Each structure stands twice: as C-alpha cells, then as structure tokens.
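Visitor: I should like to learn how to read helix packing and contact surfaces in a model. May we work through one case together?

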Amino acid sequence: MEIKGKAVIFGDNINTDVIIPSKYLTTLDPYELAKHAMEGLNSKFHEKAREGVIIVAGKNFGCGSSREHAPIALEHAGVRCIIAKSFARIFYRNAINIGLPVVECSSILEKTGDGDELLVNLAEGEIVNLTKNLRLQASILPSFILEIISAGGLVEHLKRRLEEHGEL
Amino acid sequence: MNISEKILATASGRKEVSPGEIVEANVNMAMVNDITGPLAIETFHKIGVKKVWDDNRIVMVLDHQVPADSAKSAELHKIMRKFAKEQNIPYFYDVGFGGVCHQVMAEKGHVKPGELIVGADSHTCTYGALGAFGTGIGSTEMAAVFATGKIWLKVPETIKVNVEGEFQKFVGAKDLILSIIGQIGADGANYKAMEFDGPVIKSMSVSERLTICNMAVEAGAKTGIINPDEKVMAYVKNRAEKPIEPLKSDVDAKYEKVVDVDVSFLEPQVACPSSVDNLKPVSEVEGTLIHQAFVGSCTNGRIEDLRMAAEIVKGEKIKGGVRFIVTPASHEVYLQALREGILETLAKAGACICNPTCGACFGGHMGLLAEGETCVSSSNRNFTGRMGSPKAKIYLASPATVAASALKGEITDPRRL
C-alpha cells in the first residue's frame, strides 16, 4: 500500500482541540467537520489539504480527547496519511479504525520541508522524500493493523470477520 | 503481575499476560456520552448487527451539552434516547438524572474493582481510582464493542508512582497530579499505565483518587490505577449491584520504572497556557489577572471540591469583573451541595451555579471565554481554544487555588488568604 502527497508540517503535541474545536462536534457530517480541520492553528488548512496531503508532525500527535471527529475531519479535508515522531494512543487507534494511515518515524520532522513530495510504503515502513531524494525508515505496522487500514477501517474489517463466521 | 496486567489477563481469559502482548479482551462495561455516542450509534448501524452484545453492560450519559444548548445538540440527544429505547438499555442517564459521565459511572456503581471498562471519552482512565482498568476509545471502536463486546488491547508497560510525605494545608490531589505530569511531560506515560501507590495515596479519599487517575491521560497514559483498599470496597459495595472480585498488584510485580514523589514541600501548582506540562508553582504566577474562575469537571467537580471552594469564599464576595462559574459534576453532587448549604454559600459570594455538565471545561457552553480573556480552572486541559476563543488563556489549578483567585481577581495562593 503506497501513499503519495505533499508534506504539511506541524510541531509537537498537536491536540484534538486544535484539530477540531469542540464547538463543531455537534455535527456528524464529515465534510462539515473537514472545513474546520486544524482551525485552531491554521484556518486555511482545509483549502491547502484539498489536493491530498501528508501531515508531518513531532511527538504526541493527537493528544487530548477521544473525539473521533479529529481524524475524520483530517481525512475528509484531504489528509492521506500522518507521519509523526509519536502519536497519542486514542487518536492513533481512531485513525486506524477509520482507515487513515498513521506512521511513526523518529527523524521525520528534521528531514522534511513543508511542501516536500513524500511517498509512504506502509507494509515496508519506508518513507521516500522525492523532493530531497531521501529514504527514511518508519515503524512497520503489525499485519492485523494493516488489514484494518486496507479494508478501509474497522467497520469493513469487522463486517468481513462477522460474515466469515456467519454472524451477520 | 501488577493490577493492570491481572485485569487484562482476566478479561482475556488468560492466566498471565506481559507488556507488549496484544490480547483480545472481553469488556465488562462500555460507556458513551452525547458527543461520542451518536457517532458510535451511526457506526453500529453500518456494521449491520441488530442487537448490542449485552444491554446491561452499556451506559449512556448525556453530559457534554446538557440541557441541549442548540437544536443540533438536541438532535444528538434524540439519537441517544432513541437508541437506548430500541436496544432496551437500562442505564441511560438523561438530563436531570446523571451528570458528567465519569462521575455518574463511579457513583451509580457501574465501576467495579477488577473490571475492564472502555468509554468513548478520554477521561475513562478515572475508573482506576476504584481498581478498574478504564481506558478511552473512539466511536468506531465503541461501535465494534457494542456489536461484539470485545476489543484488542496491547498490554501496557506500567510506571509506578510512589507518593510519600504530608500535604500542606490547601495543597492536595490536583496539585500532586499536576506536579507528576509536569515532571514526566504531556507524553511521559504515552501508551502506558500509571499505577499510583504509597502512603499519601493510601490516605486519600475516593474523591481525591478519582482526581489523580482522571488526569493520567494528560500524560498520555492508557489508564491511571490504584490498588483497591477498604475505602474503595466500602464505596463500591454501597452502589454496585453485582458481586465484586478485586484484583491487586503482586508484591513482586514488575514495573517499567518507579517514580518517587515527596509532597511535603509541594506548593499549589498551576499549569500555564497552553499545555498541561507547562507547570509552575503558584508563587511564580501569582498576580496574573483573571476574568473567569471555574470549579467543575470530572477532575474537580465533586462534593469535596465544592466544599473546599465554599470554605474559601464563605462570607466574602468575589472580585468585581470576575465570573465565578461552579458546575457540580453530577446530580447527586448537586443535591448534596444543596443539602449542605454549599450552593447558597457559593451563590451569596457571587458564584454562578450551573447544572451538572461538562460545560465550560469542554468549551461547549456555560462559561466560554472571549479573545484576550484569562480563566483559572479546576478542569483538566488548557489547550489553545479549549474553553472558547483560541486567543483566551487557561490556567489549571486546584479548586482551592481557583476559589482563592476568584476572590482576589488574580491567581492567588490559597495559603495566603
């Protein structure tokens, strides 16, 4: 599974309140949420993300609340993948469960410039910076997590599993 | 094994588990609120299962935006009520019957020692105060739990925090947990369990323990947990319907590391904008002008917190130009505060008493901040924009520091009053 996109850079401890402020959580419409993605830091983010981007960030990305609206807003804004030094655990699970790839790479922030073209191979855990002609090693996701992501998220994955067992 | 490992082993039907292992565990209780619940319900319908795995193991609470502050919130509440009815879920707490979900879970007996509890809210780690392994999950994952009753979990490494010494007057649980997070950082326990122990923890009330475990997630922890003792068993026995089988850490249990903390010289602590680990002793921020003071939330909205605030403002008036918002964490807390005359004391001092809700802490309603305003709050997060305008500033502190600050109109050391 390969993902390509331009890097958009963020720092450490990007929390769910800046990813999607709580005043927008009364909607379940993912496209409405997308309009406000990252509004706490950059109100124009959703316009920039529309072309399909990869977020590059520091440590503890997605810390804060359990609101799944955060990865949903990012995904529907056009974020194809998030590469961070580390993730907060609930955000990490939420992203995987909705099929948004998340990759950990310790040197990503130092080796990536805003707008760099990146190519991510999830199965190999390899990141290629096409702009700078660099290869970086990321953490390799366990196979069952890759299965969830490639199914498009936990719902599809679970449906398949339940169907196989004749429970659906 | 330590307590977290024992609970995960029990929940997954194993004799033993160790950190790093991934287990498929059976969930004892699952909780959703009015922000995460509707999304979980929508996703549950997408899975295509007709009936939830066990209607007696699901708790639904309306708390974030109650009573409905907008037509959109009212629609979310409607989705919750409809689902509870369709699925025959008995533990549904509507407006006027519950309060902030974590307080409701504890006081209504839905949290029992030794159990695995998942909640679609990050502060589900609160339940560790009662010896349960509580952890926050998202809505999609909750939909899968509704369908199957199961969840995959990685057994976490555990950091043990050993607390000794004796608190000074007006210094307590909130100051302690803030100081621990300040020491290890906002991601200092990421993916890990934090187990709190030592004489200070053992002498704490259930309420104080709830405050401690509640904020474990602010260090990134999967759960915060305390071995249950007689105090916890007495608290739970009065509330829970089912029998209880508590689990405790073995004497030779393994920990990733042990952090020793002495509270004897601990000053009141203040987390400055806009990160919980941007911590300073109150003496370094005293005099910072405030526009609002907030006592409430699942961290510090319990009866003991309200008592403390009332003790400080009794017979006084809060400073002109300051809004003092007090939001009891639950209906039970509200009634108790009413009976004790606490609400009257607070209201006479100029506090605005709100109904039980996540309200201002969540930045939903009931006390939001305008651009350029500053709030000192007993809640758990001071992120940019958390309580309203992204150009407002939030300082986190104990209820004592918040009440003292409300009186003076600036951040104040409660010991100096």
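Guide: The following turns treat helix packing, burial, domains and the chain contact in this predicted model.

Visitor: How is the packing of two helices described?

Guide: In general, one states the angle between the two helix axes and the distance between them. Here, helix α12 (residues 303–313) and helix α16 (residues 399–408) of chain B have axes that come within 9 Å and cross at roughly 30°. Angles under 35 degrees count as roughly parallel, and α12(B) and α16(B) are therefore roughly parallel to each other. The crossing of α12(B) past α16(B) is right-handed.

Visitor: Which residues make the contact of α12(B) with α16(B)?

Guide: From α12(B) come D305(B), M308(B), A309(B), I312(B) and V313(B). The α16(B) side consists of P399(B), A400(B), A403(B), A404(B), A406(B) and L407(B). By character, the contact holds ten nonpolar residues, no polar ones and one charged residue. As a general idea for reading such lists, an α-helix has 3.6 residues a turn, so residues three or four places apart point the same way.

Visitor: How many residues of helix α5 (residues 139–148) of chain B are buried?

Guide: Nine of the ten residues are buried, so helix α5 of chain B is largely enclosed by the rest of the structure. The buried residues are S139(B), T140(B), E141(B), M142(B), A143(B), A144(B), V145(B), F146(B) and A147(B). Just after α5(B), G149(B) adopts a positive phi of about 75°.

Visitor: Which domains does the assignment give for chain B?

Guide: Domain 1 covers 3–242 + 254–260, and domain 2 covers 270–416. Their C-alpha centres in chain B are 24 Å apart. Domain 1 of chain B contributes 35 residues to the contact, and domain 2 of chain B contributes 30 residues. On the domain 1 side, α4 (101–107), α6 (173–184) and α8 (206–214) of chain B each supply at least two residues. The largest share of that side, six residues, belongs to α6(B). That side of domain 1 of chain B comprises ten nonpolar, 18 polar and seven charged residues.

Visitor: How many residues does each chain give to the contact of chain A with chain B?

Guide: Chain A gives 34 residues and chain B gives 41 residues. On the chain A side, α1 (16–19), α5 (89–97) and α8 (154–164) are the elements that give two or more residues. Of these, α5(A) gives the most, with five residues. The side of chain A that touches chain B divides into twelve nonpolar, 14 polar and eight charged residues.

Notes: Residues are numbered from 1 along each chain as its sequence is written. Chains are lettered from A and ligands numbered from 1 in the order in which they are written. This is a predicted model: local features need pLDDT of at least 70, side-chain atom pairs count only at pLDDT 80 or more; totals for chains, interfaces and linings use all residues. Domain bounds come from an automatic or database domain assignment. Two residues are in contact if their C-beta atoms, placed from the backbone, lie within 7 Å. Helices (H or I, at least four residues) and strands (E, at least two) are DSSP runs, numbered from the N terminus. Ala, Val, Leu, Ile, Met, Phe, Trp, Tyr, Cys and Pro count as nonpolar, Asp, Glu, Lys and Arg as charged, and the others, Gly among them, as polar. Axes are lines fitted to C-alpha atoms, for helices over the stretch in contact, and angles run from 0 to 180 degrees between N-to-C directions. Angles under 35 degrees count as roughly parallel, over 145 as roughly antiparallel, 65 to 115 as roughly perpendicular and the rest as oblique. A crossing is left-handed if the near helix is turned anticlockwise from the far one by less than a right angle, and right-handed if clockwise. A residue is buried if 20 or more other C-beta atoms lie within 10 Å of its own, exposed if 12 or fewer, and partly exposed in between; C-beta atoms are placed from the backbone.
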